[in-house]
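Before a simulation is set up, it helps to learn how a model is read. The dialogue that follows takes a few features in turn.

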Amino acid sequence: MHLTQDLYTIYGELLVKKDQEITPIIVKSVRTMGERHKDVRVPLENTDIFTDFEKVFNDKRYITMFKPPISKNEICNVASKLKMENDLIFELNTMKNNLPYTYLHLLIIAAFAIKLGLLYDSKKYNREIVSHCGFTHDIGKTRIPISILNKEKKLTKEERFIIETHPITGYLLLNYYLKRDRRDCSLASLDHHERLDGSGYPKGIKRINRYTQLISPIDVLDALMTKRPYRKQAYSLRASLDYLLKEADSHRLSKNIVLTLVSLARKEKPDIRTMKISRKLRERLPEELTYEKYL
Ligand SMILES: [Fe+2]
Ligand SMILES: [Fe+2]
């Protein structure tokens, strides 16, 4: 595995040169550089990111899913108390200017991640980690050329290869910015496109950390529910959930998380252990509705 361009921190410090094979030694050297760099964590509450975060709950696509159980206030309470590294706040603010859609995507994923985290036992998911993973899993996209991310036509093999470096890029950046207690967040960035049957990327692994397993289904849901440069129309909620169910049936995504999302999308919020699911696709997808999994 290697990068296609030199990787710098937001302050212009060179972390890894392009074409350098990313070995555990390289990751360790990035961590050591990060340890030398002094940074402070500040509560998200006092940032513009939190102001933007609160607006996510007005998103019409997810109105039903954000209804209780777990209220907007409970979710915002967790997000406001999250202490984030100042450098990462800087990174996210830059992303807001350069990649507004990816920035919004991160806020949505964070909101759902916190909601799911609160629905499950607090021993299973640490609230800080779960929200941090949501806010930062795609941070590597900030180093992918915008022209590739916004390209409307089909990507070439080379361009696709470049996009596929965003998980490792995010992993390296987070190894630099985060301290030891947040390793799960750098892993979520590295593995959020991995799948439980080994069909994902970059490594094709099957053992996936529980935080990443929580992030991936939400990540796919929002990718489908959003218009993309190459796809002018978004999937409907129903079609998106059908897709997720298929992925869970094929042992690619966590079944529990997918079923929880399906339950949240229903008005009556049924118990996932007794919930009835029709496997019939109610909606035929228009031909042009494609989904590029590597994003
Ligand atoms: Fe991604
Ligand atoms: Fe994502």
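**Reading the model, feature by feature**

A: Lys 269 is buried, with a relative accessible area of 17%. Keep in mind throughout that this is a predicted model.

Q: Where is Lys 269 found, and what is its phi?

A: Lys 269 belongs to the segment after α13, and its phi is positive, at about 45°, although the residue is not a glycine.

Q: Is His 251 buried or exposed?

A: The cut-off to apply is that a residue over 50% counts as exposed. His 251 has a relative accessible area of 58%, and is therefore exposed. His 251 sits in the loop between α12 (237-249) and α13 (255-264), and its phi, near 60°, is again a positive value in a residue other than glycine.

Q: Which peptide bonds are cis, and where do they lie?

A: The value to read is omega. For the bond from Pro 68 to Pro 69, which is cis, omega is near 10°, and Pro 69 is located in the loop between α2 (48-55) and α3 (72-81). The bond from Tyr 201 to Pro 202 is also cis, with omega near 10°, and Pro 202 is part of the loop between α10 and α11.

Q: Which protein donors does the iron ion (ligand 1) have?

A: A metal site is read from its donor atoms, their distances and their angles. The iron ion (ligand 1) has as protein donors Asp 138 (OD), His 166 (NE2), His 192 (NE2) and His 193 (NE2), at 2.2 to 2.3 Å. The angles among these four donor atoms run from 83 to 167°, and the site is irregular. Water is not among the atoms, so sites may look incomplete. Along the sequence, the donor residues of the iron ion (ligand 1) have the spacing D-x27-H-x25-H-H. Distant parts of the chain are linked here, with Asp 138 in the loop between α6 (127-136) and α7 and His 193 in the loop between α10 (183-191) and α11, 55 residues apart.

Q: Are Asp 138 and His 193 buried or exposed?

A: Burial means under 20% relative accessible area. Asp 138 is buried because its relative accessibility is 0%, and His 193 counts as buried because its value is 4%.

Q: What are the donors of the iron ion (ligand 2), and how far is it from the iron ion (ligand 1)?

A: For the iron ion (ligand 2), the protein donors are His 105 (NE2), His 137 (NE2), Asp 138 (OD) and Asp 219 (OD), lying 2.0 to 2.2 Å from the ion. This site is irregular, with angles of 82 to 171° among its four donor atoms, and its donors are spaced H-x31-H-D-x80-D along the chain. The two iron ions lie 3.8 Å apart and are bridged by Asp 138.

Q: How many residues of α6 are buried?

A: Eight of the ten residues of α6 are buried, and the helix is mostly covered; among them are Ile 129, Cys 133 and Phe 135. At the start of α6, a side-chain oxygen of Asn 126 comes within 2.8 Å of the backbone nitrogen of Glu 128.

Q: How is the largest pocket lined?

A: Rolling a probe the size of a water molecule over the atoms shows where empty space is left. The largest pocket holds about 690 Å³ of space, and its lining has 31 residues, with Leu 149, Asn 150, Lys 227, Arg 228 and Pro 229 nearest its centre. The lining comprises 14 nonpolar, five polar and twelve charged residues, and α5 supplies the largest share, six residues.

Conventions. Residues are numbered from 1 along each chain as its sequence is written. Chains are lettered from A and ligands numbered from 1 in the order in which they are written. This is a predicted model: local features need pLDDT of at least 70, side-chain atom pairs count only at pLDDT 80 or more; totals for chains, interfaces and linings use all residues. Side-chain values use heavy atoms; hydrogens and water are left out. On a 1 Å grid over the protein atoms alone, a cavity is a set of points where a 1.4 Å probe fits but cannot get out, and a pocket is an open set with protein on both sides within 12 Å along at least five of seven lines; lining residues have an atom within 4 Å of a point. Grid points are joined across faces, edges and corners, and a volume is the space filled by probe spheres set on the points. Helices (H or I, at least four residues) and strands (E, at least two) are DSSP runs, numbered from the N terminus. Ala, Val, Leu, Ile, Met, Phe, Trp, Tyr, Cys and Pro count as nonpolar, Asp, Glu, Lys and Arg as charged, and the others, Gly among them, as polar. Donors are N, O and S atoms within 2.8 Å of the metal (3.2 Å for Na, K and Ca); water is not among the atoms, so sites may look incomplete. Four donors count as tetrahedral if all angles lie between 85 and 135 degrees; four count as square planar and six as octahedral if opposite donors are over 155 degrees apart and all others between 65 and 115; anything else is irregular. Buried means under 20% relative accessible area, exposed over 50%, partly exposed in between (1.4 Å probe, protein chains only). A polar contact is a pair of N or O atoms within 3.5 Å; within protein, one must be able to donate a hydrogen and the other to accept it, and residues adjacent in sequence count only if both atoms are side-chain atoms.
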